[in-house]
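Reader: I am new to this structure and would like a close look at a single part of it, the salt bridges. Please take me through them slowly, and then through the parts that they belong to.

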Amino acid sequence: MNDTPVIGVLALQGDVREHLVALASADALARPVRRPEELAEVDGLVLPGGESTTMSKLAALFGMLEPLRERIAAGMPVYGTCAGMIMLADKILDPRSGQETLGGIDMIVRRNAFGRQNESFEAAVDVAGIDGGPVEGVFIRAPWVESVGAGAKVVAEHGGHIVAVRQDNALATSFHPELTGDHRLHAYFTEMVRAAG
């Protein structure tokens, strides 16, 4: 891989465009990924916010569930925000019927833990490994992490709840950094992809 990693954004549903913009500003070559052959061409992948149940059903429909699981299990760097965090959880506390995850992080996640759409909020969040002060977290029907296993490291908390976790090449946040114009988390993930390359 040259110095500019190719990072895909799973483009089945959710705020894909904002992630593409944030990744491009972090010096990555960003492209949407909808099909297994597009997945094969990227060095890393972002799983965006959206609706996790819909995303898991669309991933199955597009023949993406198994290829995604295989690449993540093989160590492809992956970053999930909000619904993407739920997709990366090994276990969901209250899954909707038919909802499947990709796994990759040894954590148990609670969906919509911070409340409904009208209880969305923004908060400053200190994230371990991110320099320059707290990041602005946008929490929209956000999950939180109930607990992590031995392999996973908590990198941020808010209000006594775990809101960011890293395990090896997998990173997940409850909040949406792509909606703020602060692209430090995307730059951090881009560095993860470079290091894995």
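Author: Arg-110 and Glu-146 form a salt bridge in which the closest N and O atoms are 2.7 Å apart, a value that, like the others here, is computed from a predicted model. Because Arg-110 lies in strand 6 and Glu-146 in strand 9 (residues 144-148), the pair ties together parts that are 36 residues apart in sequence. Arg-110 is partly exposed, with a relative accessible area of 30%, and Glu-146 is likewise partly exposed, at 35%.

This pair belongs to a set, since the structure holds 6 salt bridges. Another of them joins the side chains of Glu-100 and Arg-69, with 3.0 Å from N to O. Here Glu-100 sits in the loop between strand 5 (89-92) and strand 6 (105-110), while Arg-69 sits in helix 4, so this bridge ties together parts that are 31 residues apart in sequence. Glu-100 is partly exposed, its relative accessible area being 36%.

A further salt bridge links Glu-191 with Arg-194, whose closest N and O atoms are 2.4 Å apart. Both of these residues lie in helix 6, 3 residues apart, which is about one turn of the helix. An α-helix has 3.6 residues a turn, so residues three or four places apart point the same way. Glu-191 counts as partly exposed at 44% relative accessibility, and Arg-194 counts as partly exposed at 23%. Salt bridges can also share partners, and in this way Glu-66, Arg-69 and Glu-100 are joined into one network.

Helix 4, the home of Arg-69, deserves a longer look. The buried residues of helix 4 (residues 65-73) are Leu-65, Leu-68 and Ile-72. Seen down the axis of helix 4, these buried residues fall within an arc of 70 degrees, so they line one face of the helix. The face turned away from that buried side carries the exposed residues Glu-70 and Ala-73. On the buried side, the residues of helix 4 pack against several elements, including strand 1 (6-10), helix 2 (36-39), helix 3 (52-61) and helix 5. After helix 4 comes Gly-75, whose phi is positive, near 100 degrees.

Helix 6, where Glu-191 and Arg-194 lie, can be read in a similar way. At 1.5 Å a residue, its 13 residues (184-196) should span 18 Å, and the end C-alpha atoms are 18 Å apart, which agrees. The buried residues of helix 6 are Leu-185, His-186, Phe-189, Thr-190, Met-192 and Val-193. Viewed down the axis of helix 6, its buried residues fall within an arc of 155 degrees, so they line one face of the helix. Ala-196 also lies in helix 6 and is partly exposed, with a relative accessible area of 39%. Not counting residues up to four places away in sequence, Ala-196 touches Pro-77 and Asn-169.

One of the buried residues of helix 6, Leu-185, is also among the contacts of Thr-173, together with Tyr-79, Met-85 and Val-163. Thr-173 is found in strand 12 (residues 170-173) and, at 0% relative accessibility, counts as buried. A polar atom of the side chain of Thr-173 lies 3.0 Å from the backbone oxygen of Phe-175.

Key. Residues numbered from 1 in each chain as written. Predicted model: local features only at pLDDT ≥ 70, side-chain atom pairs only at ≥ 80, totals over all residues. Heavy atoms only, no water. Helix = DSSP H or I, 4+ residues; strand = E, 2+ residues; numbered from the N terminus. Expected span 1.5 Å × (residues − 1). Buried < 20%, exposed > 50% of the residue type's maximum accessible area, 1.4 Å probe, protein only. Arc of directions from axis to C-beta. Contact = heavy atoms within 4.5 Å. Polar contact = N/O pair within 3.5 Å; in protein donor to acceptor, adjacent residues only side chain to side chain. Salt bridge = Lys/Arg side-chain N within 4 Å of Asp/Glu carboxyl O.
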